[in-house]
Every structure is written in structure tokens, then in C-alpha cells.
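Trainee: I'm new to this structure and would like a close look at a single part. Could you pick out the place where two helices pack and walk me through it?

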Amino acid sequence: NPFQYFPYYCLEGLAVIFWKSGEIGFVAYPDWLSFIYDKTPVRFILSLLSAVLTLLALIHLAILNLRNLKSFLQRTVIDEKMATLFLIGSISFTFIALHATISVLTRYCLVIVPLYLISIAVLLDRCCPKSSLEQS
């Protein structure tokens, strides 16, 4: 029964949000940056921060897509921004689902990182208050 493994699929899908690597082996870093990355707490904090931001952004994207699902299915007039976010969400969640069932290496998830970064930017844009310079 494959459905008994569903919790394990969900746990494996969460591995995709840990896309940030502290140091990539084939890249030559400057000495000052290597010094920072050699500190284990800094590396783990950066990885955890990117994972938490990615998870929050994906949850926010899922909520936005579910709120607008009716208009997408009815093909009513929607703005381009919401259509783009719907496609980003569709691609991201399909990739996560495929990763969970097929179990590929995490480094192959880097192709989806630009979509994660766009999702994080949308989350921060909607959650952070606008500065007084933008309002005037």
C-alpha cells in the first residue's frame, strides 16, 4: 500500500527547502569569505534562515493560489501578477512532489531556486510595511 508511506514522502519533500549550501566544493572563494564559511554556526544559521524563509514563502504562495483557484479554474479575468504566482506555485509544488517520490539529490534542486527567491520576495513585499519614502 503506497499510501502508508505518505508521511515519509512529506518528510522527503521538506528536504527541497534546504537548498542553501554553505560552501560549494568547486568554487574558489576569497580568503575572507572562506574564513566566514569555515565557522560552522554561521553556515548552519544561513542554511536555516534560507530554509525558514523558503518554507514561509511556499506556504504564502499556496494560500494565495488557493484563494484565487476559483478564478483560475473559471478563466475569469485575472491580473498578470497572480497568474505568474500561480505558475510559480504550480512548478514549485510539482517539483517538490516529484522530489519526494523519486528522491533526487538536493543539489539538483538548485534549478528551482530562482522561483523560491521570487516567492520570498513576494512574501517580504506583502508582509513588510512600506517605508515612508515610498508612501509620499
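Mentor: Here is a walk through one helix pair, with some background on the chain around the pair.

Before we start, this is a predicted model, so local features need pLDDT of at least 70, side-chain atom pairs count only at pLDDT 80 or more, and totals for chains, interfaces and linings use all residues. Residues are numbered from 1 along each chain as its sequence is written, and side-chain values use heavy atoms, with hydrogens and water left out.

First, the setting. The chain has seven helices and zero strands; helices (H or I, at least four residues) and strands (E, at least two) are DSSP runs, numbered from the N terminus. Of the chain's 136 residues, 27% count as buried, where buried means under 20% relative accessible area, exposed over 50%, and partly exposed in between (1.4 Å probe, protein chains only).

Now the pair itself. Helix α1 covers residues 6-13 and helix α5 covers residues 80-102, and the two pack at an angle of about 120° with axes 8 Å apart. Axes here are lines fitted to C-alpha atoms, for helices over the stretch in contact, and angles run from 0 to 180 degrees between N-to-C directions. That makes α1 and α5 oblique to each other: angles under 35 degrees count as roughly parallel, over 145 as roughly antiparallel, 65 to 115 as roughly perpendicular, and the rest as oblique.

Who meets whom? On the α1 side you'll find Tyr9, Glu12 and Gly13, and they meet Ile96, His99, Ala100 and Thr101 of α5; contact means heavy atoms within 4.5 Å. Sorted by class, this contact of α1 with α5 has three nonpolar, three polar and one charged residues. For the classes, Ala, Val, Leu, Ile, Met, Phe, Trp, Tyr, Cys and Pro count as nonpolar, Asp, Glu, Lys and Arg as charged, and the others, Gly among them, as polar.

Cys10 counts as partly exposed because its relative accessibility is 37%. A search of the whole structure finds zero disulfides, a disulfide being a pair of cysteine sulfur atoms within 2.5 Å. Take Cys127: its closest cysteine sulfur, in Cys128, is 6.7 Å away, too far for a bond.

For a contrast, look at Thr54 in helix α3 (residues 40-67). Thr54 counts as buried because its relative accessibility is 1%, and, leaving out residues up to four places away in sequence, Thr54 touches Ile17, Trp19, Tyr116 and Ile120.
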